[in-house]
Amino acid sequence: MQAGLLPAMGRPGAVGYCATHASHAVKTIKSYRLPGKTAFQSNSNRNDSILDPPEKALLKLSDNFLDLAPDAALTATTPRFINVYAGKSPARQAASTARELADSLMAPEASVSPKYFYNTLGSRLFEAITALDEYYPTRTEAGIFAAAYPQMAQALAQAGLPHPCLIDLGAGNCAKALALIPYLQPRQYVPVDISVEFLKGAAAQVQNNFPALGIVGVGMDFSAGLALPDEVQDEDRVFFYPGSSLGNFQPEQALQFLRQMADPAQGKARGLLIGIDLVKDAAVLQTAYDDALGVTAAFNKNLLRNVNELLGADFEVRQWRHVAFFNAGLSRIEMHLEAICDLTVSWSGHSRRFLAGERIHTESSYKYTVESMTELLRQAGFRQVRHWSDPKDWFAVFWAAV
Ligand code: AVI
């Protein structure tokens, strides 16, 4: 057991900043012998997301705590952070975003990439979606993880990855990794996200919980390529990609993306732990993307506000309606914005006319079967593939190793 993997959140002795070392703020945290489960239950600083694991796992954790000397001092440094956009000036970034948006809006079948959902309000609306009764993927996936953490850890160990470099793609608030780290015991944790400022705070929180864990935060749009900076350990990389976001790629793009993870450039042993939404009854799928409260509709329409800001366009949100349906032939949910009346949208000297009923395609969310995902992982170069699913077989978490 590596000392750094002991979660600090159950420790009432945690104290504030007391020293500065080099450019990093150093935090001293007093640890103590874990007095059993009650300590987890009584501490108000705890992170409840790691309190779900089964009883047995809690006992295993407490055993690990006993390896520590009482009152041993652990230090938590501010995690390193690398912004892969650093080479590109903000003006060049803004210009290429505007070009991409303008091109997709001017195409015969107008579209906007789903990555533009996630401005500040969009991220909050997505969080609200995950709490909806109709949106089953988030809680179904959480249930699968909670029931199978120890088995997942065992699968990694069997693949020769007992202390991996855990690369968390689209880490967001890092909550899913926080629960996984005590089981997978990574040597290095690498949260990756396009939303840089948000990620910094979240990575610091992980560091507080696991003071001696090596953390390198990476700000990058990983959908454009998975070339990670040199600071990321190139041995024993395990990619963690929960949330069924692979479904937002076109199948050919999904295959290319998976191939990059299986590529020998990612180190000697490589693996992937990924959450995938499965094909199911069309009505269940449809209501998950067209909920009664209209939260998904707001999430979809908010994209127009973001395009207005990024492109300087003049979309009138009230002139558009949310459309979501399951396209069974392509095995995907499609989300569109449909013009309610004839209208014209303009931006920096350009304009496009939309007739009533014309649509902008904003998202596809592909649904796989266990067989089709297993086949895709094999095509990408993964050899050992297994999965865990819920009793209704609505969602699956796959473990794939090369
Ligand atoms: C992020 N992604 C996996 C979500 C999905 O289900 O495709 C995005 C989403 N779109 C509407 N609701 C949720």
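This briefing describes two helices, a pair of strands and the surroundings of a ligand. The structure is a predicted model, and each point below should be read with that in mind. Helices α8 and α11 each have buried residues gathered on one side, strand β5 is covered on both of its faces, and the ligand has a shell in which nonpolar, polar and charged residues are all represented.

**Helix α8**

- Helix α8 comprises the 12 residues 251–262, and because each residue should add 1.5 Å, the expected span is 16 Å, which agrees with the 17 Å that separates its end C-alpha atoms.
- Leu258, Met261 and Ala262 are the buried residues to look for in α8; they cover an arc of only 95 degrees around the axis, and therefore lie on the same side of the helix.
- An α-helix has 3.6 residues a turn, so residues three or four places apart point the same way.
- Glu252 and Gln253, by contrast, are exposed on the other side of α8.
- The cover over the buried residues of α8 includes strand β8 (237–241), strand β9 (270–277) and helix α11 (370–380).

**Helix α11**

- In α11, the residues Met373, Leu376, Leu377 and Ala380 are buried, and because they cover an arc of only 95 degrees around the axis, they are placed on the same side of α11.
- The other side of α11 carries the exposed residues Glu371 and Gln379.
- Among the elements that cover the buried residues of α11 are α8 and β9, together with β15 (384–389) and β16 (395–401).
- Just after α11 comes Gly381, whose phi is positive, at about 115 degrees.

**Strands β5 and β6**

- Strand β5, which runs through residues 165–169, is mostly covered, with five of its five residues buried.
- This burial involves both faces of β5, since Cys165, Ile167 and Leu169 are buried on one side, while Leu166 and Asp168 are buried on the other.
- Strand β5 is joined by five bridges to strand β6 (residues 188–193), and the two strands run parallel.
- Within this pairing, Asp168 has Pro191 of β6 as its bridge partner.

**Around the ligand**

- The residues that surround the ligand are Ile129, Pro137, Gly243, Ser244, Ser245, Gly247, Asn248, Tyr289, Thr296, Glu363 and Ser365.
- Sorted by class, this shell around the ligand consists of three nonpolar, seven polar and one charged residues.

Definitions and conventions. Residues are numbered from 1 along each chain as its sequence is written. This is a predicted model: local features need pLDDT of at least 70, side-chain atom pairs count only at pLDDT 80 or more; totals for chains, interfaces and linings use all residues. Helices (H or I, at least four residues) and strands (E, at least two) are DSSP runs, numbered from the N terminus. The expected span of a helix is 1.5 Å times one less than its number of residues. A residue is buried if 20 or more other C-beta atoms lie within 10 Å of its own, exposed if 12 or fewer, and partly exposed in between; C-beta atoms are placed from the backbone. The arc is that of the directions from the helix axis to the C-beta atoms. Two residues are in contact if their C-beta atoms, placed from the backbone, lie within 7 Å. A residue is near a molecule or strand if its C-beta atom, placed from the backbone, lies within 6 Å of it. Ala, Val, Leu, Ile, Met, Phe, Trp, Tyr, Cys and Pro count as nonpolar, Asp, Glu, Lys and Arg as charged, and the others, Gly among them, as polar. Two strands pair if DSSP finds at least two bridges between them.
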